[in-house]
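Thank you all for making the time this morning. I would like to take you through one structure, and I will begin with a term that we need before turning to the chains themselves.

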Amino acid sequence: MSNKKTPIDTSKRNLLKGTAGIIAAGSMPLVFSNKAFAASYRNEPKGGTVTFGFNVPQTGAYADEGADELRAYKLAVQHINGEGDGGMLNTFSSKTLKGNGVNGKKVVYVTGDTQTKSDAARASAKRMIEKDGAVMITGGSSSGVAIAVQGLCQEAGVIFMAGLTHSNDTTGKDKRANGFRHFFNTEMTGAALAPVLKNNYGTDRVAYHLTADYTWGWSQEGSIRKYTEAMGWKTSQAVKTPVGAGDFSQYITPVLNSGADVLVLNHYGKDMVNSLTQAVQFGLRDKQVNGKDFTIVVPLYSRLMAAGAGDNVKGIFGSTNWHWSLQDAGSKAFVKSFGQAYGFPPSQAAHTTYCQAVLYADACQRAGSFKPSAVGAALEGFKFDGLGNGPTEYRAEDHQCFKDVLVVKGKENPSSKFDVLEVVEVTPRSQVEYKPSMLGGELGPFNNG
Amino acid sequence: MDALVLQILNGLDKGAAYALIALGLTLVFGTLGVVNFAHGALFMLGAFCAVSVKALLTLEHVALDPEKLTAWGTPMEIRTPYIESWFGDFGATLIDYSVPVSILLAIPVMLILGIIMERGLIRHFYKRPHADQILVTFGLAIVVQEIVKAQFGANPIPQPAPDIFAGSADIGLLIGFAENAIVYPWWRIIYLIFSAAILGAVFAFLKYTTFGMVVRAGMADRETVGLLGIDIDRRFTIVFGLATVVAGVAGVMYTPILSPDYHMGMDFLVLSFVVVVVGGMGSLGGAVAAGFLLGILQSFASMNEVNSILPGIDQIIIYLIAVVVLLVRPRGLMGRKGVMED
């Protein structure tokens, strides 16, 4: 064995010493800066712009709703960048956004088409993150899509601001740290709607559920059954129907002689339009069962979709996240801004997406960064007002917004084609709030990519 | 028992729509040998003839009321349909009957569309493989769909039946059941009668007219009919137009049952193809029989009693039956030897 040092050994030591010296020297200025420990993050904006990704259904059954979301996003970007009349930024309780973009950067956007299909939505979100450098993804009109894209954003390390998604699972068992939802959920619908149903139809009722056979339908049925059964209603049947069935006659005819006196349609969009229209055609609303007038309930309304059912929605109760007829300052500012830009009032999908874009921008401004963990921390527990739903809080434990819920009814004497629903009750937040642990799931840690 | 009767009625109604679309599909296949995946789009176009007629009848005169403002600050619009201003009650009645009135427009429009489609596109694919025909007609269906969506939007557009047919008929009373035991919407009953009339008319046309006889002869042996000096191609073009009209009027009359949207044709196309295959490719009687059979079985499979034993059977029954029929009778229920067999 030899102790002789080889020239190789010497040069290796020298190389290590040299490298360490260079790293130490290079790091010296940073220890005096507040960015000393700031790790970079996915799609950190480097230039004078920051890119938002708007992932909405541009084709498929929810394309009209997607188009309304996109209109609202464009309006939000204008207002954040200081263009237009400022919309709800004028009424928003947080005043950090100054109309000069976010953190000194002008907001630009890219769009994707979810097609209301999980795989297509994930592909378009992935493209916007990887190719277009989107720092945040937002939008959508389906819970299945929202949950899929939320999972992708968590893996990719960007924030996801959900669009129209109503299933409990989005901020329940499938919640993720990087995902945030402004829209309400089926639990809140059940809690808000049940007392109104009790006041109008009493406690001795037998309900028959027709339920869209996917995550949102199951969630909606579960919540309505939970609250209506608690107040004394019985459930005679709960039948799952395929999404997009078109003709629901074979599911409606068993209702006729089932002994039920209430039909609950846990359907949304085109399915709701078709099942409601056909139920009315089968004379359900003219029937008397158990000595009571038969009635129909549509737990989740969309004004855009309800118009498709024409006169059949008249007098039918449901719930909605927001409605353009609200008279608070925020709603009025948004309706004015949107109506002047496009010539008609915004839908609830437009409202929630506008809010999400503004809330994200505001959180970035308050955090002084676009880093997901910093933005997420700024959103968690954030209390605000002036965005059309009254005092609202982004609950830290599940990233779900808590606010008042609207119970609506199909309007008997509409004054225009947009005047389809009327607000019959504003259910206070305290009545629809639940414990964070109730819906299960774990947020996990933020992922910065 | 009343539940069974109701499901039979549902099945007949559903089957009537399948049969009308499948009849056109199999007619085109039997005459021209073309697998037309755009046939569902023709059903949808028929439905949008009804939407267009309603839109025309309800064209409105717009006046601004400066004293009333919208929520966004512009003067409120007061809209009055021209036809009501001009014709009063008659105008209102015409709007109410817009769906049946639409048939008057749908027949010529669909006939012209069918002839243009056959002369302009389909005839170039007569001798091409079926895969090429499927690709080009499927592509055409998507193009038509997107045009309709761009023009009318993606949401369903309600087309109510005339007020007089808006309610339900207590047909249970007619067949000895208790009052209100079997009620069925008037419009669905009308649709069933209408479908039976159309199916009967098409069969009568093909069976009892010289034109129909030549077409049937052409379906059996195109070359020989051609050698007799008969311009069979021209007749087949007319048959294509006829199939287009049948799909179109079926679409018009279906609008009060299913609010039309741009995708409705695709929803029916797949089921109608299964109906054609089960009935036997190119067999007119087979298409009609299979349409009604599958419609009724689909309705029975949706009954709670059946679903509680076999959950989800309602969603696969049609395909299950197709598999069984094709295993037992590979050419379908009434298929002929040599059709789609190289």
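Two residues are in contact, in the sense I use here, if their C-beta atoms, placed from the backbone, lie within 7 Å. With that in hand, and keeping in mind that this is a predicted model, let me start with chain B, where residues 24 or more positions apart account for 74% of the contacts with a separation of 6 or more.

Chain B holds 14 helices and 4 strands, and of its 342 residues 45% count as buried. Its C-alpha atoms fill a box of roughly 75 × 50 × 40 Å along the principal axes. As for the radius of gyration, chain B has 22 Å, which agrees with the value near 20 Å that a compact globule of 342 residues would have.

How many residues of chain B are in contact with chain A? There are 36 of them, and they meet 34 residues of chain A. On the chain B side, α1 (2–32), β4 (183–185) and α12 (284–301) each supply at least two residues, and the largest share, 7 residues, comes from α1(B). By residue class, the side of chain B that touches chain A divides into 15 nonpolar, 15 polar and 6 charged residues.

Let me now move to chain A, which is divided into domain 1, made of 49–184 + 324–403, and domain 2, made of 187–320. The C-alpha centres of these two domains of chain A lie 30 Å apart, and the contact between them takes 15 residues from domain 1 and 15 residues from domain 2. On the side of domain 1 of chain A that touches domain 2, α2 (63–80) and α4 (143–156) of chain A each supply at least two residues, and the residues of that side divide into 4 nonpolar, 7 polar and 4 charged.

The part of chain A on which I would like to spend the remaining time is a sheet. It is an open sheet of 7 strands in chain A, with the order β7-β6-β8-β11-β12-β16-β17 and mixed pairing. Its edge strands are β7 (234–241) and β17 (421–427) of chain A, each of which pairs on one side only, and neighbouring strands of the sheet are turned by 25° against each other on average, with direction ignored. Helix α5 (residues 186–201) of chain A packs on this sheet, touching β8 (262–266), β11, β12, β16 (405–410) and β17 of chain A, and its direction makes about 150° with that of β12(A).

Within the sheet, is β8(A) mostly covered or mostly exposed? The strand is mostly covered, with 5 of its 5 residues buried. A:V262, A:V264 and A:N266 point one way from β8(A), whereas A:L263 and A:L265 point the other way, and all are buried.

Turning to the partners of β8(A), strand β6 (residues 206–212) of chain A pairs with it in the parallel sense over 5 bridges, and A:H209 stands opposite A:V264 in β8(A). β8(A) also pairs with β11(A) in the parallel sense, here over 3 bridges, and the bridge partner of A:L263 in β11(A) is A:I296. Following the sheet onward, β11 (residues 295–300) and β12 (residues 317–320) of chain A pair in the parallel sense over 2 bridges, where the partner of A:L300 in β12(A) is A:S319.

That is where I will stop, and I am glad to take questions.

Technical notes. Residues are numbered from 1 along each chain as its sequence is written. Chains are lettered from A and ligands numbered from 1 in the order in which they are written. This is a predicted model: local features need pLDDT of at least 70, side-chain atom pairs count only at pLDDT 80 or more; totals for chains, interfaces and linings use all residues. Domain bounds come from an automatic or database domain assignment. Ala, Val, Leu, Ile, Met, Phe, Trp, Tyr, Cys and Pro count as nonpolar, Asp, Glu, Lys and Arg as charged, and the others, Gly among them, as polar. The radius of gyration is taken over C-alpha atoms; the globule rule is 2.2 Å times the number of residues to the power 0.38. A residue is buried if 20 or more other C-beta atoms lie within 10 Å of its own, exposed if 12 or fewer, and partly exposed in between; C-beta atoms are placed from the backbone. Two strands pair if DSSP finds at least two bridges between them. Axes are lines fitted to C-alpha atoms, for helices over the stretch in contact, and angles run from 0 to 180 degrees between N-to-C directions.
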